[in-house]
Amino acid sequence: MPKLSLQTVGRLALAGVAAIAAAGLLFAVTRGAFGFSSDGIRIAALNVASLVVAFLLVAGIGRKPKDER
């Protein structure tokens, strides 16, 4: 595992803040404009997150590359 540098930690923190802001904006839009319930929004978000994780697992993200000799 690579060592965490200050730049990497900063990028992770910035990505976290951006994710929270995007989630808040989407929540406000779906709640206000479309009138979805909080439970419906939560269930949809969990379904999308599950699909993304499944895609990453199937695509092989995190696999070590084969040793080419």
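## Two helices, a pocket and a salt bridge

Over residues 12–34 the chain is 91% helix and 0% strand, and the C-alpha atoms at the two ends of this stretch lie 32 Å apart. The model described here is predicted. Residues 12–34 are listed under "transmembrane region" in an unreviewed UniProt entry, which also lists residues 40–61.

**Helix 2**

Helix 2 covers residues 38–59. It has 22 residues, which at 1.5 Å a residue should span 32 Å; the end C-alpha atoms are 32 Å apart, so the expected and computed values agree. After helix 2 comes Gly-60, which has a positive phi near 90°.

**The largest pocket**

The largest pocket has a volume of about 240 Å³. As a general principle, empty space is revealed by rolling a probe the size of a water molecule over the atoms. Helix 1 (6–32) and helix 2 each contribute at least two residues to the lining of this pocket. Which helix gives the most to that lining? Helix 1 does, with six residues. The lining includes Ala-19, Leu-26, Phe-27, Thr-30 and Ile-41. By class, eight of the lining residues are nonpolar and one is polar, while none is charged.

Phe-27, one of the lining residues, can also be related to the residue Ser-38. These two residues are eleven positions apart in sequence, and their C-alpha atoms are 8.4 Å apart in space. Ser-38 itself belongs to helix 2.

**The salt bridge**

The structure holds one salt bridge. In general, side chains of opposite charge can pair when their charged atoms come close. Here the side chains of Arg-42 and Asp-39 meet, with a distance of 2.8 Å from N to O. Where do these partners stand in helix 2 relative to each other? They are three residues apart in that helix, and therefore about one helical turn separates them. More generally, an α-helix has 3.6 residues a turn, so residues three or four places apart point the same way.

**Accessibility in helix 2**

The table gives the relative accessibility of three residues discussed above.

| Residue | Relative accessibility | Class |
|---|---|---|
| Ser-38 | 25% | partly exposed |
| Asp-39 | 48% | partly exposed |
| Arg-42 | 48% | partly exposed |

A residue counts as partly exposed when its value falls between the limit for buried, under 20%, and the limit for exposed, over 50%. Ser-38, at 25%, therefore counts as partly exposed. Arg-42, at 48%, is placed in the partly exposed class as well.

Definitions and conventions. Residues numbered from 1 in each chain as written. Predicted model: local features only at pLDDT ≥ 70, side-chain atom pairs only at ≥ 80, totals over all residues. Heavy atoms only, no water. 1 Å grid on protein atoms, 1.4 Å probe; cavity = no way out; pocket = protein on both sides within 12 Å on 5 of 7 lines; lining within 4 Å. Points joined across faces, edges and corners; volume = space filled by probe spheres on them. Helix = DSSP H or I, 4+ residues; strand = E, 2+ residues; numbered from the N terminus. Nonpolar A, V, L, I, M, F, W, Y, C, P; charged D, E, K, R; others polar. UniProt positions renumbered as here; feature names shortened; annotations may be inferred. Expected span 1.5 Å × (residues − 1). Salt bridge = Lys/Arg side-chain N within 4 Å of Asp/Glu carboxyl O. Buried < 20%, exposed > 50% of the residue type's maximum accessible area, 1.4 Å probe, protein only.
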